[in-house]
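Please look at the protein shown here together with its ligand, and consider how the spaces inside and around such a chain can be described. The report below goes through them in turn.

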Amino acid sequence: MINVPTGKKRVVIVGCGFGGLKLARKLRYSGFQVVIVDKRNYHQFQPLFYQVATAGLEPSAISFPLRKIFQHYKDYFIRIAEVTNIDTDKQQLWTTKGTIQYDYLVLTQGAVNSFFGIKNMESLSKPMKSVSEALDLRNTLLQNFEDALAVTNEEDQEGFLNLVVVGGGATGMEVSGALADMRKYVLGKDYPELNQDKIHIYLIEGTNRLLPALSEKSAVKAKGFLEKLRVEVLLNSQVRNYDGKFIETSDGKKIRTNLVIWTAGITGARIEGLRDKSYGKGNRILVDRFNIVKGYSNIFALGDNAMMDEPRFPNGHPQVAPVAIQQASHLAKNLERTIKDEEMIPFSYKDKGTMATIGRNLAIVELPNFQFYGTFAWFVWMFVHLMSIVGIRNRFLILINWFWNYVTYDTSLRLILKPKGC
Ligand SMILES: Cc1cc2nc3c(=O)[nH]c(=O)nc-3n(C[C@H](O)[C@H](O)[C@H](O)COP(=O)(O)OP(=O)(O)OC[C@H]3O[C@@H](n4cnc5c(N)ncnc54)[C@H](O)[C@@H]3O)c2cc1C
């Protein structure tokens, strides 16, 4: 058993991402003992992974040590371990470091990559669902340009210079745009020997439009912005196979590439122990309007791994940070109500809008009643993301980096950092 002092009623939070962090903060004066279990010792800001992957930001600018965040919280305990199983009868969690008892359990372990069963995609493509994966992508990308210089054969060089992004959602679009900016402003200076016209960026999307979560008008705008940056957008094109050298699509395209960036799908991160009927589509845990997992009374789930239907969202909420954050704030209040023997209040999601950036001076902001695009949208996007970052030091780091990149048209973080021995 993992050593945690016994005492007040204990809330165990699995995962300290957007949802877990907000919940833990909100419970500070609730009277509960709070135990946070996360497999990582830091919180990560996923919306800016693509900037780490394209050498725009250092990983430390978007990652925050959990112990620092909770230094001054009383009766809070952090355990760095992976939760593998739940014993709902014994109210116990199994982790890689031992077991933990809970009175209330909140599952907020997010989602993992889904490769839709496409052959070899999991082992050969580069996803971007953690800081480590973003860093791995940065290493591969930069190493590819180095290797492109070393080969003499045109075809081999083509493999290194064709960059393929799969998935036309916000992440796929952002990473494609960042690669295009990199090609435009940086690669010519760093690799003058490479013919920049030979660097191709493809964005492959299976449906007939980009940005499925946004309006048709924004999708058309986004496509236009990407094409302006010379990203080759392939719609209605589903990936069938990738063998490490060629990617093949349903419409018969075969592109030679050594780098496929996978942003196409996610599925709920499953922890064994709940009944099968507690799961819905995409491995998401079915919860009611109080975030209580169906079939249980003291187990809750929220954020990316939860599926709650409310009248306006019959297929569940979008898997985005504001949903996790709002559900977490709401659940904190409901948990406090339970110890006061008050009734819980049902959750309603307030959609304040969506935004995505494509590149320098190019972004899309879609508010409930109107949309705007371009430079002003880009500044709004930067401001909102900056304000969402945990920690003043990190905000400054990011602001300085962005300012520097903006005025110099350059990023200065193009290091290939590999594990010891490489
Ligand atoms: C590249 C990328 C870009 C994105 N951009 C945006 C954006 O611009 N705007 C937006 O709103 N949303 C964006 N999202 C989505 C957003 O990040 C998620 O919706 C949000 O993180 C969900 O929060 P969460 O708390 O449910 O899960 P997460 O934030 O994913 O947190 C899950 C936590 O659980 C931990 N964990 C997982 N499994 C276990 C386990 N078994 N044991 C212990 N700990 C575990 C993880 O280490 C992590 O800390 C993006 C996502 C990605 C991947």
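## Enclosed spaces and the ligand site

In this predicted model, the residues R284, G303, A306, M307, M308, H317, P318, Q319, V323 and Q327 line the second largest cavity. This cavity holds about 30 Å³ of space, and β22 (306-307) and α9 each contribute at least two residues to its lining. Sorted by class, that lining consists of five nonpolar residues, four polar ones and one charged one.

A search of the whole structure finds two cavities of 30 Å³ or more, and the largest of them encloses about 460 Å³. Its lining is made of 23 residues, among which Q51, D181, R360, N405 and T411 are the closest to the centre. The element that gives the most to this lining is α7, with six residues, while α2 (49-53), α7 (170-190), β23 (354-359), α10 (375-388) and α11 each supply at least two.

A pocket can be described in a similar way. The second largest pocket has a volume of about 240 Å³, and its lining includes R25, F64, K68 and R393. At least two residues of that lining come from each of β4 (63-65), α3 (66-69) and α11 (392-408).

The table sets out the residue classes for the linings and for the shell around the ligand.

| Site | Nonpolar | Polar | Charged |
|---|---|---|---|
| Largest cavity | twelve residues | seven residues | four residues |
| Second largest cavity | five residues | four residues | one residue |
| Second largest pocket | five residues | three residues | three residues |
| Shell around the ligand | twelve residues | eleven residues | six residues |

Turning to the ligand, there are 29 residues around it, of which G19, D38, R40, Q46 and D304 come nearest. An N or O atom in the side chain of R40 is 2.8 Å from an oxygen atom of the ligand, whereas K39 places a backbone N or O atom 3.2 Å from a ligand nitrogen atom. A backbone N or O atom of V320 lies 3.4 Å from an oxygen atom of the ligand. The protein covers 90% of the 1000 Å² of accessible area that the ligand has on its own. Helix α9 (321-339), like α1 (18-26) and β2 (33-38), supplies at least two residues of the shell, and the largest share, three residues, comes from α9.

As for the protein as a whole, its secondary structure comes to eleven helices and 25 strands, and its C-alpha atoms fill a box of roughly 70 × 50 × 40 Å along the principal axes. The radius of gyration is 22 Å, which agrees with the value near 22 Å that a compact globule of 422 residues would have.

Methods
Residues numbered from 1 in each chain as written. Predicted model: local features only at pLDDT ≥ 70, side-chain atom pairs only at ≥ 80, totals over all residues. Heavy atoms only, no water. Near = heavy atom within 4 Å. Polar contact = N/O pair within 3.5 Å; in protein donor to acceptor, adjacent residues only side chain to side chain. Areas by Shrake-Rupley, 256 points an atom, 1.4 Å probe, with all protein chains shown as cover. Helix = DSSP H or I, 4+ residues; strand = E, 2+ residues; numbered from the N terminus. Nonpolar A, V, L, I, M, F, W, Y, C, P; charged D, E, K, R; others polar. 1 Å grid on protein atoms, 1.4 Å probe; cavity = no way out; pocket = protein on both sides within 12 Å on 5 of 7 lines; lining within 4 Å. Points joined across faces, edges and corners; volume = space filled by probe spheres on them. Rg over C-alpha atoms; globule rule 2.2 N^0.38 Å.
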